[in-house]
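I opened the notebook today to look at how two chains meet, and then to follow a few charged pairs and one helix. Here is the entry, in the order I looked things up.

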Amino acid sequence: MAEIFDSAPVRRLNIGGMPAAPTALFLTALVLAAAILAASLYTIEILRAALLQNGFAGWWVFGLSALLAIASFLIALPLARAFAGWRDARHAVKRNDMVAPRAARAQAQARCWIALGAVFAQFVVVLLAQFLLANNQAVARTFFFVPLMADTFPLVLKAFWINVEIFTVTEILVLVWGLVVALAMLAPGAAGRPLRLIASTYVDIFRAVPAVLMIYLVGFGVPLTGVPLFKDMSLVTFVIVALTLTVGAYTAEIYRAGILSIHWSQAAAARSLGLTHMQALRHVIVPQAVRQMIPPLLNEFIALQKDTALVSVVGVIDAFNQSMLIATNHYNLSAATSVALLFILISIPQSHLLERMMQRDRARLRAR
Amino acid sequence: MAFIDIRDISKRYGDLPVINRLSLTVEEHQVVSIIGPSGSGKSTLLRCINGLEAIDDGEILVHGERVSGPGVDVNALRRDIGIVFQGYNLFPHMSVLGNVTLAPVKVLKLSKAAAEERAMALLARFGLADKAKEYPDRLSGGQQQRVAIVRALAMDPMVLLLDEITSALDPELVSEVLGIVRKLAQDGMTMVLATHEMGFAREVSNKVCFLCDGAVHEEGTPERIFGHPTRERTRAFLSSIRDAKRI
């Protein structure tokens, strides 16, 4: 081996020559920043005119415009840092060693990209503002007509309570029902085969049928059948049953995947201590599986919360249905925007809360 | 009457025979070591003894009573036959104390207090008392394996099966685990260990069985198997181990 390496020609590492300051990148950032600044100021002027035209007068219109204008100039800060970086890089190159210019150039490039990122963010904001103000503020009026939103908000909130009621009850039912179905799908042995078959058939069917169709079938169909006991239940009960059946099929699959994700050696250890199949599931497998299932379960629950808006097909006056009535009466969709905001408002804290809970749990179990 | 009497058992995974007409006896208070190349059926043999694997042929008797075949209450059998695995298999969502008390509470129906008292006594005996509240992931491999042994002992088993319990450990942690096994052997615990630790097998066992192709190829006292193996494959196996400097 030695002579092979000895006879080889000398190879040198080649990782590029003397670096140059990122002039083109910096100039790009400079030009784009100037452009976005101009666009911002133009948009602010339109906004000011629109506010004055709509009868909002007084010092606060001027104050708001001034504040927004000052905010627009904040783009100069990252740009200044980019400029400082570019200047440092130029000086470093003149000193004619390799290492310092390389580091300076890397920093200058990073700062230029940060400035460009800020330009892009400001561009998005300007674009959005332009969209809202377009066609004599038609967009803003259609979706965000504040007086109507304020007037109808109590009505919308009251109706939204129905959504909350439906999804809270459904979530509780689904947690239990999904586990039951999942355990049936995992029933052991030959005796468990019919159970497995029934459970997986249920999941196949109810995952395939659209939720809105299921709500329609149960909500309108069951009262028509006139079966005693069932026919006297409330419409809300029917939609809860329909949603539980649909979402339960998904949840069962989440449970099953979670349970199967736990390595079989855990079951072997539990069974080898004399625990029964159910005891091993209850104390060893499911508690670990639940930790795997939480993110997909939350996904499922947020999807369910939104799906409660589907109950309007059978005439339940939920927030969406209420907002549609308001939209028909006022020829304006702003109440529907309120509903959208309410759904956003409840979904965001859930994911944050859950993420924090899971971090705490991981910190407890994992090695430091 | 032998304590464990394994008569002519066979086990197949599909078409692959893993254990092939294997017979073996273990006396009470005896330590029996199972050695042999990987794939020779050591782990499967142990898993058949406590019913984690069902055998296809033959029978297994404990105290003269047949414990293999259909209809046997494997949960009851496993109460009295403990097993410790190569990969520890501790329950990661439970503290050490939770791991050790789970089966005594749920299976033996001990009160929580009684189970914890028993667990703490065992943990203290094996130098783990200060780890009782820790979770498994915070322990070293050696500590985890010692907890796994304590978890099996907390069921007060009549026999302990040890399935290559030091194979996953760093070399310097092996001795702390083997120390426990040595202690248990001195106390007269009946044990069957599948192992690659030839030196330890020689020191601690009353009988060594060389497994090959799913059957006992040669068995005898440790002195005889390691000193004067009579059969060719035993000799070849031991000399390959010696070449790897693992004796």
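**Entry 1: the interface**

I began with polar contacts between chain B and chain A, and the count came to 8 residue pairs, both partners being at pLDDT 80 or more. I kept in mind that this is a predicted model.

Next I wanted to know which elements of chain B give two or more residues to the side that touches chain A. I found helix H2 (74–80), strand E6 (81–84), helix H3 (96–106) and helix H5 (141–153) of chain B. H3(B) gives the most to that side, with 3 residues.

How many salt bridges does the rule find across the interface of chain B and chain A? I got 0.

I then looked up the extent of the contact. The size of an interface is often given as the accessible area lost when the parts come together. For chain B and chain A, I noted about 2,200 Å² buried between them, with 57% of it on carbon and sulfur atoms. By residues, the contact takes 26 from chain B and 24 from chain A.

**Entry 2: salt bridges**

I widened the search to the whole structure and came back with 20 salt bridges over all chains. Side chains of opposite charge can pair when their charged atoms come close. I picked a few pairs in chain B to follow up.

My first pick was B:Lys11 with B:Glu53, whose side chains meet in a salt bridge at 3.9 Å, N to O. This pair links distant parts of the chain, 42 residues apart: B:Lys11 sits in strand E1 (residues 4–13) of chain B, and B:Glu53 in the loop between helix H1 (42–49) and strand E4 (57–62) of chain B. Are the partners buried or exposed? B:Lys11 counts as buried because its relative accessibility is 9%, and B:Glu53 counts as buried at 16%.

I turned next to B:Arg66, which forms a salt bridge with B:Glu59, the closest N and O atoms being 3.2 Å apart. B:Arg66 has 44% relative accessibility, so I logged this residue as partly exposed. I also noted a network of salt bridges that links B:Asp5, B:Arg7, B:Glu59 and B:Arg66.

**Entry 3: helix H9 of chain B**

I saved this helix for the end. H9(B) covers residues 232–243, 12 residues in all, and reaches 16 Å from its first C-alpha to its last, close to the 16 Å expected at 1.5 Å a residue.

Which residues of H9(B) are buried? I listed B:Thr234, B:Phe237, B:Leu238 and B:Ile241. Looking down the axis of H9(B), I saw that these buried residues line one face of the helix, because they fall within an arc of 90°. They pack against strand E3 (31–35), helix H7 (198–204), strand E9 (207–212), strand E10 (215–220) and helix H8 (222–227) of chain B.

On the face turned away from the buried side of H9(B), I noted the exposed residues B:Glu232 and B:Asp243. B:Glu232 has a relative accessible area of 53%, and its side chain meets that of B:Arg235 in a salt bridge (3.6 Å, N to O). The two are 3 residues apart in helix H9 of chain B, so about one helical turn separates them. B:Arg235 counts as partly exposed, at 40% relative accessibility.

One last jotting: just after H9(B), B:Lys245 takes a positive phi of about 60°.

Note on methods
Residues numbered from 1 in each chain as written. Chains lettered and ligands numbered in written order. Predicted model: local features only at pLDDT ≥ 70, side-chain atom pairs only at ≥ 80, totals over all residues. Heavy atoms only, no water. Helix = DSSP H or I, 4+ residues; strand = E, 2+ residues; numbered from the N terminus. Expected span 1.5 Å × (residues − 1). Buried < 20%, exposed > 50% of the residue type's maximum accessible area, 1.4 Å probe, protein only. Arc of directions from axis to C-beta. Contact = heavy atoms within 4.5 Å. Buried area = accessible area lost by both parts, 1.4 Å probe. Salt bridge = Lys/Arg side-chain N within 4 Å of Asp/Glu carboxyl O. Polar contact = N/O pair within 3.5 Å; in protein donor to acceptor, adjacent residues only side chain to side chain.
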